[in-house]
Structure formats: C-alpha cells, structure tokens
Amino acid sequence: MLNRQSNLRWVLVLTIGFVLTTAQAIVVKDDRQIDVVIGKPPQRIVSLLPSLTETVCALGQCKKLVGVDRYSSWPENVNKLPRMGGGIDPNIESVVAAKPDLVLMGTSARGAERLADLGITVLTLEPRTHADVQRTMLTLGKALDIPEKDIAAVWTAINTSLEAT
C-alpha cells in the first residue's frame, strides 16, 4: 500500500512537471506554415540568412549566435562567428557541431528537414517585403521570448530611421 502511494506521488509530480514545462513552450508559425514548438527560450542560435542574423542582433540577441551563414556581415561582431555554409547550401555537420537549440533558415534553404530529423528546432522565415520584415521580426521576437513591447520599440526605431533617410 505504501509503495503504491509513493508511486502515485511520483506520477503526480512528473505529470505536474510535464504540464508546467509544456505550458512554457513557445509556438510560432514559420513561413512553411509549420507550427514550430520551442521548449525554452533559445540560448544557442545558428542563423543561415543574413537578414535573420541582422534581426536577431537588432532584437538585442546577438550574443546568442553561435554560427552564421557565409554572407552575414552585420553587425561587425558576427564576422568573428563560425561560418556554416550558405543559406541555400548549409554545412549540416557544422550546424550540428555548434549544438544549437534553434536554427534560422530561409524557405529556399536546403537541410531544414535533415536538421529537424536530427532533433534540432528549425524556424524558416524569408522576408521579401517591408511587411514581411515586420512579420518576421514579430515571429522571431516571439520565438526568442522577447516581450512584444520591446519588439515594437525596435520596429519603431527601424521605421523612424528609414523615414529619416
């Protein structure tokens, strides 16, 4: 009887832990129209599209980048990061070796399915218009667990600088 009660307590504790963990997951829809589940805010990010690299940094998360594509060059400090191939032809081995908890790719990139099969969370976003850039920033900001007001402030600053030119 005591053993059974102990087992029931453990089941209850594990169930509550699972529910609390699941409740903290972030879900965003990427440009493939796939719901991407991010279990916890990413700490190790690989970006395989220059515009996504710039967006990560504009959102104040540059320090979380552990690798970028061969074309990312802004801000200047991303030039020190390991290169993981191009957006269309990422080096899957390099990406996996970086142990990212999130990989950002364009929709035209190859390798998203392979990385997902290897257990890596992949978010594909491809901004092509001004409206896409804003949508991408909102989606990426949500994926990185940035408060919406902070994302809006970054977007406002970008728009203000564009209007000033």
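**Strand pairing, disulfide, pocket and backbone features**

Met105 stands opposite Thr124 in strand S6, a contact point between two strands, S5 and S6, that pair in the parallel sense over three bridges. The description that follows concerns a predicted model. Its protein chain holds 165 residues, of which 40% are buried, and the secondary structure comes to six helices and six strands. Read along the sequence, these elements follow the pattern α-β-β-β-α-β-α-β-α-β-α-α.

The pairing of S5 with S6 belongs to an open sheet of four strands, in which the order is S4-S3-S5-S6 and the pairing is parallel. Strand S4 (65-68) and strand S6 (122-124) stand at the edges with a single partner strand each, so that one side of each is left without a neighbour in the sheet. On average, and with direction ignored, neighbouring strands of this sheet are turned by 20 degrees against each other. Strand S3, formed by residues 45-47, pairs with S4 in the parallel sense over three bridges, and in this pairing Val46 stands opposite Gly67 of S4. S3 also pairs with S5, again in the parallel sense and over three bridges, with Ile45 placed opposite Leu102 of S5.

The side chains of strand S5 may be considered next. In a regular strand the side chains alternate between the two faces of the sheet. In S5 (residues 102-105), Leu102 and Leu104 point one way, whereas Val103 and Met105 point the other way, and all of these residues are buried. Met105, which stands opposite Thr124, is thus described both by its strand partner and by its buried side chain.

The model contains one disulfide. It is formed by Cys57 and Cys62, whose sulfur atoms are 2.0 Å apart, and both of these cysteines are buried. A disulfide is a covalent bond between the sulfur atoms of two cysteines. The link of Cys57 and Cys62 is right-handed, with 60 degrees about the S-S bond.

The largest pocket encloses about 190 Å³ of space. Its lining is made up of Ser51, Glu54, Thr55, Ala58, Trp74, Pro127, Val133, Met137 and Ile158, a set that divides into six nonpolar residues, two polar residues and one charged residue. Helix H2 (50-58) and helix H5 (130-143) each supply at least two residues of this lining, and H2 gives the most, with four residues.

Trp74, one of the residues that line the largest pocket, also takes part in a backbone feature, since the peptide bond from Trp74 to Pro75 is cis, with omega near -5 degrees. Pro75 is placed in the loop between S4 and helix H3 (92-97). Most residues other than glycine have a negative phi, and most peptide bonds are trans. Two further residues can be set beside this general pattern. Lys99, in the loop between H3 and S5, has a phi near 50 degrees, a positive value in a residue other than glycine; at 64% relative accessibility, Lys99 counts as exposed. Asp145, which lies in the loop between H5 and helix H6 (148-164), has a positive phi of about 65 degrees although it is not a glycine. With a relative accessible area of 47%, Asp145 is partly exposed.

Terms used. Residues are numbered from 1 along each chain as its sequence is written. This is a predicted model: local features need pLDDT of at least 70, side-chain atom pairs count only at pLDDT 80 or more; totals for chains, interfaces and linings use all residues. Side-chain values use heavy atoms; hydrogens and water are left out. A disulfide is a pair of cysteine sulfur atoms within 2.5 Å. Buried means under 20% relative accessible area, exposed over 50%, partly exposed in between (1.4 Å probe, protein chains only). On a 1 Å grid over the protein atoms alone, a cavity is a set of points where a 1.4 Å probe fits but cannot get out, and a pocket is an open set with protein on both sides within 12 Å along at least five of seven lines; lining residues have an atom within 4 Å of a point. Grid points are joined across faces, edges and corners, and a volume is the space filled by probe spheres set on the points. Ala, Val, Leu, Ile, Met, Phe, Trp, Tyr, Cys and Pro count as nonpolar, Asp, Glu, Lys and Arg as charged, and the others, Gly among them, as polar. Two strands pair if DSSP finds at least two bridges between them. Axes are lines fitted to C-alpha atoms, for helices over the stretch in contact, and angles run from 0 to 180 degrees between N-to-C directions.
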